[in-house]
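User: I am new to this structure and would appreciate a close look at one part of it. Please describe the ligand site and the metal site beside it in a connected account.

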Amino acid sequence: MTLVPIEFAPADADALATHEGRVVGFADTELDSWAKRLDRLTRGALQRAIASEGWEKLKPGESMDLAFPAGMAAQAVQLIRLPRKAKPADLRKAGVSIAKGLGEAGALVAGASVRKAEYLAEGLALRAYTFARRAEAPKAPGTVTLASNDPEGAKAAASALLARAEAVHFTRDLVNEPANILTTTEFASRIEDMRAFGLEVEVLEEADLEKLGMRALLAVGQGSDSPTKVVVMHWKGGGDEKPLALVGKGVMFDTGGISIKPSAGMEDMVMDMGGSAVVAGVMRALAARKAPANVVGLVGLVENMPDGRAQRPGDVVTSMKGDTIEVINTDAEGRLVLADVMWYAQERFEPVAMIDLATLTGAVIVGLGHEKAGVFASDDELCADFLKAAAETDEGAWRLPLDPAYDELIKSRVADVKNVGGRTAGSITAAQFLQRFVKPDVPWIHLDIAGVALVAKDTAFAPKGATGWGVRALDTLVRNRFGG
Ligand code: BES
Ligand code: MN
Ligand code: ZN
């Protein structure tokens, strides 16, 4: 989880010639002043590079490598194309390009001015991430030195987004971790470690959940040897105001239960606690930056296993709210978890708004693929603010409809509701199910992150595997709308 080491150093022309790792420079249609120095050292190699056909094709933030340049000790000069008025997204991409090329020898970035440093460092820190449990530890990337005329200013500009990048890594680690290691108990204990940041953390055990009447949640875990838990994280940075509530689905592993999943690809279900991991990551980010906001994060931690004690298709469970649920399919377990945890969040905290995150449906992947999460909202204004925050942070999100017309599909013969609809509109019927457990006056967003939590290919900001999607968007939403 440790970030790539980043140092901020004063401008030093000599270092350009003697640095033995990679040296990074910037240019657009012309070389910037630092790149001009590199050009002199290499006797014109950079001028030739930007006159080449390949250079024309580069988009902002993309780069070209000039390997083993004569006149320099460097392994390579990495020349990044960056317009004079680079946008945050361009700068992030530049940081990502640096991360992709980075090796043990590190890099010296020539001309990482205060204006550039913030988002460049963010892109770099987000992309430079690895997760592997190997006997032989993978080689860590070397230090990246951001050299400029105002290193202190650059450091100050970058520090907030670097702290947030660390929270993203925390989320990714949780999602990447296998289910034999990240049990409900281990997850709860990793959250408890965040007390060090000033978060209040409370763990509700099965006996507590039983007393509260969370039968829908408990039913999901009753076939597992791992105890079901609800963990409450409270960040009180904003005085007496009622909090924003974040609620996460935390299914440590989803076999499907008695409605067992096919074995091919089942290993991906280690990520079924992705919603909880994002909630924990956001809480960490808020606490790390001492956000002047009140936010409470609640996660339902549970494992969905087939067993002699496991719930059966056809079982009817009574939720904490009191609504009865016919469990048609034990693989539609996420909504059972969220129903009780969301109800508890509202009863106890009377939140000003509630946002839940869940790797809830395969259907959202059919609809939106791995680029965008599904967004369902009961409140247009909150939704617009979230989509804006997602756009600002380059996190893909797309609104899908809620409509009572879909409730027809989840009517039960024997209970208030059943836990699956038919084959159609699977993500929407899941959202409609959840809405039953949202009080009418609570503005609410449901984020279905099944497609974006863990992906098989490298994404813009993460190597393949867990992405940490949502931590940055939600942190930004809190900044913009919930006190800062
Ligand atoms: N955890 C899965 C959803 C999922 C699928 C997440 C693929 C990530 C990748 C969820 O619990 C589930 O099994 N959903 C079922 C619902 C169905 C039984 C109505 C699904 O989507 O198939
Ligand atoms: Mn399932
Ligand atoms: Zn699931």
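Analyst:

**The site of ligand 1 and the manganese ion**

In this predicted model, a backbone N or O atom of Thr 359 lies 3.3 Å from a nitrogen atom of ligand 1. Gly 362 also contributes a backbone N or O atom, which is 2.7 Å from an oxygen atom of ligand 1. From Asp 254 comes a polar side-chain atom, 2.9 Å from an oxygen atom of the ligand. Taken alone, ligand 1 exposes 520 Å², and the protein buries 77% of that area. The space that ligand 1 takes is the largest pocket. Around ligand 1 there are 17 residues, the closest being Lys 261, Asp 272, Asp 331, Glu 333 and Gly 362.

Several of these names return at the manganese ion (ligand 2). Its coordination comes from Asp 254 (OD), Asp 331 (O), Asp 331 (OD) and Glu 333 (OE), at 2.0 to 2.2 Å. Along the sequence, the spacing of the donor residues is D-x76-D-x1-E. The site has six donor atoms, with angles of 70 to 168° among them, and is irregular.

Two of the donor residues can be described by their accessibility. Glu 333 counts as buried because its relative accessibility is 1%, under the 20% limit for that class. Asp 331 has 23% relative accessibility and therefore counts as partly exposed.

Asp 254 links the manganese ion to a second metal: this residue bridges the manganese ion (ligand 2) and the zinc ion (ligand 3), which lie 3.2 Å apart. Asp 254 thus has a place in both parts of this account, with a polar side-chain atom 2.9 Å from an oxygen atom of ligand 1 and an OD donor to the manganese ion.

How values were computed
Residues numbered from 1 in each chain as written. Chains lettered and ligands numbered in written order. Predicted model: local features only at pLDDT ≥ 70, side-chain atom pairs only at ≥ 80, totals over all residues. Heavy atoms only, no water. Donors = N, O, S within 2.8 Å, 3.2 Å for Na, K, Ca; no water. Tetrahedral: all angles 85-135°; square planar, octahedral: opposite > 155°, others 65-115°. Buried < 20%, exposed > 50% of the residue type's maximum accessible area, 1.4 Å probe, protein only. Near = heavy atom within 4 Å. Polar contact = N/O pair within 3.5 Å; in protein donor to acceptor, adjacent residues only side chain to side chain. Areas by Shrake-Rupley, 256 points an atom, 1.4 Å probe, with all protein chains shown as cover. 1 Å grid on protein atoms, 1.4 Å probe; cavity = no way out; pocket = protein on both sides within 12 Å on 5 of 7 lines; lining within 4 Å. Sits in = over half its atoms within 2 Å of the grid points.
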